[in-house]
Amino acid sequence: MNQQQHVAIPEQRHVDAVVSAFPAREARRHAMPRVSVVIPTLNEAKNLPTVFAHLPADLHEVIVVDGRSVDDTIDVARALRPGVRVVLQNRAGKGNAMACGFARATGDIVVMLDADGSADPREIPRFVEALMTGADFAKGTRFANGGGSSDITRVRSWGNRWLNRAANVLFGTRYTDLCYGYNAFWTHCLEALDIDPRPAEEAGRLWGDGFEIETIINTRMAKARMRVTEVPSFEFQRLHGTSNLDTWRDGGRVLRALLVERINGKGVRRTHVFLDNVAVAPPEAGRLQHEAGPRTGTDRS
Ligand SMILES: Nc1nc2c(ncn2[C@@H]2O[C@H](COP(=O)(O)OP(=O)(O)OP(=O)(O)O)[C@@H](O)[C@H]2O)c(=O)[nH]1
Ligand SMILES: [Mg+2]
């Protein structure tokens, strides 16, 4: 099945199809995949205790990529998790933080996890499961059965919906949540993503340094014809601190990213895989409990 031939099929039949398409050798090699969690931080000291407390026990590594926080983010991360790898990003913006974190990851799977408490680390096994059953890219979605958000505003939801539609038209995808930061992929995808982690002195400010990073990942995964599985996810309000995202400025960057990525040729083409989106994981009980309270590139490990 390829993306042009996509028809809606019942979930289990889809999973069976994916499993049978997944080479047995690859599945055996990843019987116990090493999971690297990449966490971008900009003044998230108050949120890290809750986020770290809910990380699964058997992770290969946790990489905190800090954007020169002026609070105790790095000290708190080290105190909470002595084995944490701390990376200082080398340019500015969340996109550059992710690029630096991806470049340092040594696991088989990379999970992208925000540090503000909006994403529940206990959903990580769902993402890993989707990858283990055949996906190259496990893409979180708030808009599939079992997902949701107590954070997204009406304006952002409206903007996300239209940007998502535009992406699906431009890239032949069936995404349901273009602008969501909770995703996971096998590290073999990094070649196709072609995201540049070079320092500012060498590269200057690069395309993809900001909040358009998720759009760039989603579109390059599509162009590279990676197998995509959407994973329902619930987004909470950030616990403490303020958002770094500006709805109109960053919405504009996402729109520009769609247009640039449509023509820039980034994303390595593969020949034998298909693109499909389907929710595979059932909703789970026991999500991140938010305490009552205010709503408020260099490897250093
Ligand atoms: N290292 C680094 N991390 C960043 C930067 N900007 C944002 N982040 C982190 O990226 C994650 C998401 O950023 P938020 O400011 O929560 O933005 P958002 O989640 O897209 O938007 P909201 O829904 O409004 O919270 C958080 O963990 C931030 O600390 C940056 O420039 N550098
Ligand atoms: Mg947030």
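The following paragraphs describe the fold, the core, the helix packing and the ligand surroundings of a predicted model.

In this model the secondary structure of the chain comes to eleven helices and ten strands, and of the 301 residues of the chain, 47% count as buried. The largest nonpolar core comprises 62 residues, and within this core the residues with the most contacts are Val38, Val111 and Ala184. Around Ala184, when residues up to four places away in sequence are left out of account, the contacts are with Ile109, Val110, Val111 and Met112, and also with Phe127, Val128, Leu131 and Ala138.

Helix α5 (94-104) is largely enclosed by the rest of the structure, because nine of its eleven residues are buried. The buried residues of this helix are Lys94, Gly95, Asn96, Ala97, Met98, Ala99, Cys100, Gly101 and Phe102. The elements that cover them include the strands β1, β2, β3 (85-88) and β4 (109-112), together with the helices α8 and α10.

Helix α10, which spans residues 213-223, is likewise mostly covered, with eleven of its eleven residues buried. Among the buried residues of α10 are Ile213, Ile216, Ile217, Met221 and Ala222, as well as Glu214, Arg220 and Lys223, whose side chains are charged. Just after α10, Arg225 adopts a positive phi of about 60°.

Leu193, which lies in helix α8 (residues 190-193), provides a point of contact with α10. Leu193 touches Ile217 and Arg220, not counting residues up to four places away in sequence, and both of these partners belong to the buried set of α10. With 24 other C-beta atoms within 10 Å, Leu193 is itself buried, since the cut-off for burial is 20 or more such atoms. The C-alpha atoms of Leu193 and Ala224 are separated by 8.3 Å, although these residues stand 31 residues apart along the chain.

A contrasting environment is found at Ala200, in helix α9 (residues 200-203). Ala200 has 15 other C-beta atoms within 10 Å and is therefore partly exposed, as this count falls between the limit of 12 or fewer for exposed residues and that of 20 or more for buried ones. Ala200 and Arg91 are 109 residues apart along the chain, yet their C-alpha atoms are separated by 5.3 Å.

Helix α7 (residues 154-171) packs with helix α11 (residues 247-263) at an angle of about 5°, the two axes lying 10 Å apart. This angle makes α7 roughly parallel to α11. On the side of α7 the contact is formed by Val155, Arg156, Gly159, Leu163, Ala166, Ala167 and Leu170, which meet Thr247, Gly251, Val254, Leu255, Leu258 and Arg262 in α11. By class, the residues of this contact divide into eight nonpolar, three polar and two charged.

Ligand 1 is surrounded by 23 residues, of which the closest are Pro40, Gly67, Ala97, Ser243 and Asn244. The elements that give two or more residues to this shell are β1 (35-41), β2 (61-66) and α5 (94-104). Of the closest residues, Ala97 is also one of the buried residues of α5, while both β1 and β2 are among the elements that cover the buried residues of that helix. The shell around ligand 1 is mixed in class, with eight nonpolar, eight polar and seven charged residues.

Conventions
Residues numbered from 1 in each chain as written. Chains lettered and ligands numbered in written order. Predicted model: local features only at pLDDT ≥ 70, side-chain atom pairs only at ≥ 80, totals over all residues. Core = buried A, V, L, I, M, F, W, Y, C linked by C-beta atoms within 7 Å. Contact = placed C-beta atoms within 7 Å. Axes fitted to C-alpha atoms, helices over the stretch in contact; angles between N-to-C directions. Helix = DSSP H or I, 4+ residues; strand = E, 2+ residues; numbered from the N terminus. Parallel < 35°, antiparallel > 145°, perpendicular 65-115°, else oblique. Near = placed C-beta within 6 Å.
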